[in-house]
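Here are a few exercises to work through with the model open beside you. Try each task before reading its solution.

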Amino acid sequence: MGNAPCFQGAARSLKDAEAPTAMNTTIDHVLNITLNGEEIQIPRPDPRMTLLEYLRDVAGLTGTKRSCLQGGCGACLVVVERYDWSLRKWVAKGVNACLKPL
């Protein structure tokens with residue numbers, strides 16, 4: 001036991017890590033969503049912005065309420081759907097928009 005890591009060989013030094021091969025590769029930072037049936041592209045989304053802030057302040061959808069901002073009251077509850085490839089169907093889930101980052 002001692003001070004040995006839990007997973008032998010799991011920790012590698014930075015020297016062993018592979019360097020990126022394409023130095024001039026550009027990454028397209030675009031978030032694609034469907035909001036109320038409309039396809040929307042959000043270029044360079046701010047990771048600090050919550051779904052609640054986007055819905056109310058950017059999209060102008062003020063039906064989603066801003067209340068406790070801690071996820072306890074449920075006033076900001078929205079339905080988010082994603083495609084589950086293992087189930088091969090759309091799965092809906094209720095999330096607190098005040099806690100969900102873009």
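How many salt bridges does the count come to? The model is a predicted one, and by the rule used here the count comes to three.

**Exercise 1. Find the partners in each salt bridge and describe how accessible they are.**

Step 1. Begin with the general idea: side chains of opposite charge can pair when their charged atoms come close. The rule asks for a side-chain nitrogen of Lys or Arg within 4 Å of a carboxyl oxygen of Asp or Glu.

Step 2. Look at Arg 48, which forms a salt bridge with Asp 46. Their closest N and O atoms are 3.1 Å apart. Arg 48 has 70% relative accessibility and therefore counts as exposed, since the cut-off for exposed is over 50%. Asp 46, at 29%, counts as partly exposed.

Step 3. Move on to Asp 57, whose side chain meets that of Arg 66 in a salt bridge, 3.3 Å from N to O. Asp 57 is exposed at 52% relative accessible area, whereas Arg 66 is partly exposed at 40%.

Step 4. Finish with Asp 84 and Arg 82, joined by a salt bridge of 3.9 Å, N to O. Is Asp 84 buried or exposed? Asp 84 has a relative accessible area of 13%, so this residue is buried; the cut-off for buried is under 20%.

**Exercise 2. Describe the largest pocket and its lining.**

Step 1. Start with the volume, which is about 640 Å³ for the largest pocket.

Step 2. Now see what surrounds the space: 19 residues line the largest pocket, and Ile 33, Thr 34, Leu 35, Val 79 and Val 80 lie nearest its centre. Strand S1 (30-35), helix H1 (51-58) and strand S3 (77-84) are the elements that give two or more residues to this lining. Which element gives the most? That is S1, with five residues.

Step 3. Sort the lining by class: twelve residues are nonpolar, four are polar and three are charged.

**Exercise 3. Do the same for the second largest pocket.**

Step 1. The volume of the second largest pocket is about 150 Å³.

Step 2. List the lining: Val 80, Glu 81, Arg 82, Val 91, Lys 93, Val 95 and Lys 100. The elements giving two or more residues here are S3 and strand S4 (89-96).

Step 3. By class, this lining has three nonpolar, no polar and four charged residues.

Step 4. Link the exercises: Val 80 is among the residues nearest the centre of the largest pocket and also lines the second largest pocket. Arg 82, a lining residue of the second largest pocket, is the salt-bridge partner of Asp 84.

Methods:
Residues are numbered from 1 along each chain as its sequence is written. This is a predicted model: local features need pLDDT of at least 70, side-chain atom pairs count only at pLDDT 80 or more; totals for chains, interfaces and linings use all residues. Side-chain values use heavy atoms; hydrogens and water are left out. On a 1 Å grid over the protein atoms alone, a cavity is a set of points where a 1.4 Å probe fits but cannot get out, and a pocket is an open set with protein on both sides within 12 Å along at least five of seven lines; lining residues have an atom within 4 Å of a point. Grid points are joined across faces, edges and corners, and a volume is the space filled by probe spheres set on the points. Helices (H or I, at least four residues) and strands (E, at least two) are DSSP runs, numbered from the N terminus. Ala, Val, Leu, Ile, Met, Phe, Trp, Tyr, Cys and Pro count as nonpolar, Asp, Glu, Lys and Arg as charged, and the others, Gly among them, as polar. Buried means under 20% relative accessible area, exposed over 50%, partly exposed in between (1.4 Å probe, protein chains only).
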